[in-house]
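Got your viewer open? Load the model, switch to cartoon view, and follow along.

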Amino acid sequence: ASKSLLLIDKKAAVFCVTVFEDKRVDLKRLKELLGCSRLSFVNSQQALDLFGYQGGISPLGVINDKTNAVTVVIDEYFKDKLIMIHPNSEKATMWLKCQDLVEVINKVGNKVMYLDL
């Protein structure tokens, strides 16, 4: 299973960071990997504006990101594996190949990157 964090930097760059559910994300290291001066969590109104729904954050939320503002960051752990995510609703969970998820994200025009988190 995975968990996702929606983060924003000082310059308003937004990142949807997806990692294995039990993994602790070191925000200090992450900001260095992303080249950001500081990262904070997006508030619920910003998440609603970006993804068009409230509730659990999912990398599939970029389907609703009309300005392609969100960069999806996926932990390299998932690169050649199945990933379990919410399909924009906490009431359901789906398994898919991570490369299929990346393909969907690319088709809607958002940037996606793998990082060793």
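**First stop: helix H2**

Select residues 44-51, which make up helix H2, and show the side chains: the buried ones here are Ala 47, Leu 50 and Phe 51. Look down the helix axis and you'll find these residues on the same side of H2, because they cover an arc of only 75° around the axis. Keep in mind as you go that this is a predicted model.

What covers the buried residues of H2? Bring up strand S1 (2-9), strand S2 (14-20) and strand S4 (70-75), which are among the parts that do the covering.

**The two ends of H2**

Now go to the start of H2 and select Asn 43 along with Gln 45. A side-chain oxygen of Asn 43 comes to within 3.0 Å of the backbone nitrogen of Gln 45. Then hop to the other end: just after H2 sits Gly 52, with a positive phi of about 75°.

**Into the loop: Gln 54**

Carry on into the loop between H2 and S4 and pick out Gln 54. Is Gln 54 buried or exposed? Its relative accessibility is 57%, so Gln 54 counts as exposed, the cut-off for that being over 50%. Leaving aside residues up to four places away in sequence, Gln 54 touches Ser 44 and Leu 48, and both of those belong to the 44-51 stretch of H2.

For a sense of scale, draw a distance from the C-alpha of Gln 54 to the C-alpha of Lys 23. You should get 23 Å, for two residues 31 apart along the chain.

**Over to helix H1**

Next, select residues 27-34 for helix H1, and add Asp 26 at its start. There, a side-chain oxygen of Asp 26 reaches to within 3.1 Å of the backbone nitrogen of Lys 28. After H1 comes Gly 35, and its phi is positive, near 75°.

**Zoom out**

Hide the side chains and colour by secondary structure. How many helices and strands does the protein have? There are 3 helices and 7 strands, and from the N terminus on they run β-β-α-β-α-β-β-β-α-β.

Turn the whole thing around: the C-alpha atoms fill a box of roughly 35 × 30 × 25 Å along the principal axes. A compact globule of 117 residues would have a radius of gyration near 13 Å, and the protein's 13 Å agrees with that.

Finally, switch on the surface. The protein exposes about 6700 Å², with carbon and sulfur atoms supplying 50% of it. Of the 117 residues, 41% count as buried. As for contacts between residues at least 6 apart in sequence, 58% join residues at least 24 apart.

Technical notes:
Residues numbered from 1 in each chain as written. Predicted model: local features only at pLDDT ≥ 70, side-chain atom pairs only at ≥ 80, totals over all residues. Heavy atoms only, no water. Buried < 20%, exposed > 50% of the residue type's maximum accessible area, 1.4 Å probe, protein only. Helix = DSSP H or I, 4+ residues; strand = E, 2+ residues; numbered from the N terminus. Arc of directions from axis to C-beta. Contact = heavy atoms within 4.5 Å. Polar contact = N/O pair within 3.5 Å; in protein donor to acceptor, adjacent residues only side chain to side chain. Rg over C-alpha atoms; globule rule 2.2 N^0.38 Å. Areas by Shrake-Rupley, 256 points an atom, 1.4 Å probe, with all protein chains shown as cover.
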